[in-house]
Amino acid sequence: MPGKRTDAPLREDIRLLGGLLGETLKEQGGDHVYETVETIRTLAKEARSGDAEAAARLENELQSLPDELIMPVVRAFSQFLNLANIAEQHHRVRRSRAWLKDPDSEPLRGSMEEVFDRLGGELDVDELYQTICSLDIELVLTAHPTEVTRRTLLQKYNRIAELLDRRDRVDATPDEAEDVMQSLRREVVSAWHTDEIRRRRPSPLDEVRWGMTVMEQTLWNVVPRYMRRLDQILRERTGKPLPLDVAPIRFGSWMGGDRDGNPRVTHRVTREACLLGRWMATTLYERELDRLIDELSLQCADDELVERANDAWEPYRTMLKRVRARVRMTRSWVDARLEGRRPPEGDIYLRAADLKEALLTCYHSLQHAGAGVVADGRLLDLIRRVTVFGVTLMRLDIRQEASRHTDLMDEITQAIGLGSYREWDEQTRQAFLIAELENPRPLIPRDFAPEAEAQEVLDTFRAIADITPEALGAYVISMAANPSDILAVALLQKEAGVRQYLRVVPLFETLDDLNGAEACMERLVQIPWYRAHIAGHQEVMIGYSDSGKDAGHLSAAWALYQTQEKLVQMALRQGIKLTLFHGRGGSIGRGGGPTHAAILSQPPGSVGGRIRVTEQGEVIQAKFGLPGIALRNLELYTTAVLEATLRPPQDPQPQWRELMNTLSDRAVRTYRGLVKETPEFIEYFRSATPEREISGLTIASRPARRKPTTGVESLRAIPWIFAWTQTRLLLPAWYGVGKALDAAIEGGDGNELQRMFDEWPFFNTFIDMVEMVIAKGDPAVAAWYDSRLVPAELQPMGEQLRTHFQRTLQAILHVTRHERPLDDFPVVQRSVAVRNPYVDPLNLLQVELLDRVRHGNEEELRKALMVCINGIAAGMRNTG
């Protein structure tokens, strides 16, 4: 039956793409290269099946590879893994479509049909409808350095996915089928001859353009499809349509606005990022208007439209041509601003409401004139786009570290003779800031000339004042800890002349800051000025990356859960609405994982119909690169937030909290005992992983470290996890977990842990994610790195870590009662099994390359190492 899960088409696609790659390798590299790759592939598969002799031969084969053969071999395995990823993504879309086409199949888990079926019988129809219409979900795209694949190659991979979709057509003629095959062959050959490595580090504006590409190529067309599905199911289940002014999901961005630790993001970059968003929006709207003008040749119209069109023969075309002219004028205005010219005089669109008003006039006229079926086509899609994307596509957040604001405030207070703001205690700072916020006179002297870094912070606030409000979102303060951190940003907005203040969002990241978040926010919202300023709504961001690096995965996850609970209770006490902004990454150690499960595992009351979530790096391509997958992910976000709002999980039982506290305490002691308190750990980490070499990857505009030191503290969470992912040990996601679980099991709490896994969504999701990491990990591979790269005196540390890994695996299997990791996720289990024989040679080659590069400086070997890093990232399906 079509709804049944079958991997046969996926295996066929992988064989097809692998065969085309093999043909390309033979034609372009010659028989010797092809035969070498085939020998390595065969030995890797045999070694994976337990053949010790094959494993030894594989290692010898790779160690004896001459330098000139390393690059083609690395590229062959790397490209195969990328092609396998494409086939898997396409197969996900294929399965979803087969499921939807099968009248006898059950609805997909997490689909609108499935969730409405489950919730519909328990809820009043009006409650369901009102909740859907009030959903406020914002997905914030960030430029974190985790997308290692060049945009050029991503576009080729997307075209391959489109061709696989065309190949699935059952009614294709022989000529059409052959055309698809030739097109696939061309794309594979083209990808083979394309450099995998960026020759220069992307600028922040390159990252902005990349974000615009995702919007243009996928989301621009998927969003109307998503809105139509939602509208259709609302009509079926509630008898009411989705209102024209409702957008359950919108998009934000940090690209060009996130300056935390990235000196390349300046106030000028932020201005230009906002202009580029507006430029792309006008381009996309003009295309749609061209099509609408062609389509709406109708003459039937209501009196309002006839009057506004001046009794024109074709009133809709007349009206829409005016809109198009104004859109074109807006783009000319943007062009002039980008080029530093004086903008032309003319009427432009600065507000989405102005653009939507003209479209709604046409829409209502068609409805009144009896042509509603026409109104509900392309015109309705365009109106929905305006509702979701506005006139800037994404609102840009500004992010800066709290200490940078403190430095600026210190220079201001010293310049006006008040002493050092930095040295004041918290109460003195608050009193000063509140007094100045309430004082209408300017604080900053006209001749104020701070140091360059402080001047850049001040210039950023002045840029905010100059940028149109609809282009901007929130002002996020990283490493926030006290009310003064938030009040200082409010004051600096006042001093810069910002007319419509950006909402100020503190980001609590470290374990100490998370534990202090409730007290900080309660003190803040009790300040009369601030309480009036926020008008009953506060947003708070919680960071998964730095908390995990600071305390370990288990302790960070529990601290994040408890912090959310406390913030929810604080908001209830203070009578304010709370929006939680989740700073999640792609990897498990940075809060990543399946969207639906992650949202449903949040504490009761923490969602409440409102959520913001970062989508970072390679996750953007994985979730939104292909239309079918993008549509599915938008649906999953909607249904998960809906269910978490209407049917939140029960509070955990008291004994579970007590046990989690014990687990957390033991895990954080274990984690910090290694990472922060073992002096030789840093040397081991830098020897056993490609952390130093990863900094050579030109994958993002920002540096890998916040500060030029060698410790873990200054290393960003992404390269910290990236490095461990490369060696297949994935230490940040599990270290400390196994020891904590072991102690609980040995103490007689094994059955209670199993109950928690069965009945508590938070604990279930946490254990599932650790199990997924364990399934992808391989301590035997990590041992290869140690044997060649780690000094002999440090190798016992690696042995201890690998023992911890195995103990963690056994503890996880005890809790889940699985025989093997991922028994509940057979699709992922098979995916890992398929990849291993192709990732293994890359790991062995990486060890070889690291050894050769660290004892020499051959540029070609360094390039091969970068390709190898990319290939392993593709095989592991994430970086950091």
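In this predicted model, the largest nonpolar core comprises 156 residues, and Phe251 and Leu393 are the residues with the most contacts inside it. Helix H9 supplies the largest share of this core, namely 15 residues. The surroundings of Leu393 can be described in detail: beyond residues up to four places away in sequence, Leu393 touches Met212, Met215, Trp220, Phe251, Gly277, Met280, Ala281 and Leu284. Apart from this core lies another, of 121 residues, which includes Leu43, Ile160, Ala161 and Phe805. In soluble globular proteins, nonpolar side chains tend to be buried together.

The strands were examined next. Eight strands close into a barrel, in the order E1-E2-E3-E4-E5-E6-E7-E8, and their pairing is parallel. From one strand to the next, the twist averages 25°. In general, the strands of a sheet pair through backbone hydrogen bonds, in either a parallel or an antiparallel arrangement. One pair in the barrel serves as an illustration: strand E3, spanning residues 395-401, and strand E4, spanning residues 472-478, are joined in the parallel sense over five bridges. Within this pairing, Gln400 stands opposite Ile477 of E4. Helix H15 (residues 402-415) packs on the sheet and touches both E3 and E4, and its direction makes an angle of about 70° with that of E3.

Charged side chains form a further set of interactions. Side chains of opposite charge can pair when their charged atoms come close. Across the whole structure, 74 salt bridges are found. In one of them, the side chains of Glu23 and Arg185 meet at 3.3 Å, N to O. This pair links distant parts of the chain, since Glu23 belongs to helix H1 (residues 8-29) and Arg185 to helix H8 (residues 174-192), 162 residues apart. Glu23 is partly exposed, with a relative accessible area of 34%, and Arg185 is likewise partly exposed, with a value of 24%.

A salt bridge within a single helix is formed by Arg41 and Glu38, whose side chains meet at 2.8 Å, N to O. Because these two residues are three residues apart in helix H2 (residues 31-48), about one helical turn separates them. Arg41 is partly exposed, with a relative accessible area of 23%, and Glu38 also counts as partly exposed, at 24% relative accessibility.

Asp195 forms a salt bridge with Lys863, with the closest N and O atoms 3.6 Å apart. Asp195 lies in the loop between H8 and helix H9 (204-238), whereas Lys863 lies in helix H36 (residues 859-876), so this pair ties together parts of the chain that are 668 residues apart in sequence. Asp195 has a relative accessibility of 19% and therefore counts as buried, the limit for this class being under 20%. Salt bridges also form a network, which links Glu12, Asp13, Arg94, Arg167 and Asp168.

Finally, the environment of a single polar residue was considered. Thr639 is located in helix H25, which covers residues 627-646. With a relative accessible area of 1%, Thr639 is buried. The side chain of Thr639 reaches the backbone oxygen of Gly110 at 2.7 Å and the backbone oxygen of Leu636 at 3.3 Å. When neighbours within four places in sequence are left aside, Thr639 is in contact with Gly110, Ser111, Met112, Val115 and His596. Gly110 thus appears both in the list of contacts and as a partner of the Thr639 side chain through its backbone oxygen.

Notes
Residues are numbered from 1 along each chain as its sequence is written. This is a predicted model: local features need pLDDT of at least 70, side-chain atom pairs count only at pLDDT 80 or more; totals for chains, interfaces and linings use all residues. Side-chain values use heavy atoms; hydrogens and water are left out. Helices (H or I, at least four residues) and strands (E, at least two) are DSSP runs, numbered from the N terminus. Buried means under 20% relative accessible area, exposed over 50%, partly exposed in between (1.4 Å probe, protein chains only). A polar contact is a pair of N or O atoms within 3.5 Å; within protein, one must be able to donate a hydrogen and the other to accept it, and residues adjacent in sequence count only if both atoms are side-chain atoms. Contact means heavy atoms within 4.5 Å. Two strands pair if DSSP finds at least two bridges between them. Axes are lines fitted to C-alpha atoms, for helices over the stretch in contact, and angles run from 0 to 180 degrees between N-to-C directions. A salt bridge is a side-chain nitrogen of Lys or Arg within 4 Å of a carboxyl oxygen of Asp or Glu. A nonpolar core is a set of buried Ala, Val, Leu, Ile, Met, Phe, Trp, Tyr and Cys residues joined through side-chain atoms within 4.5 Å.
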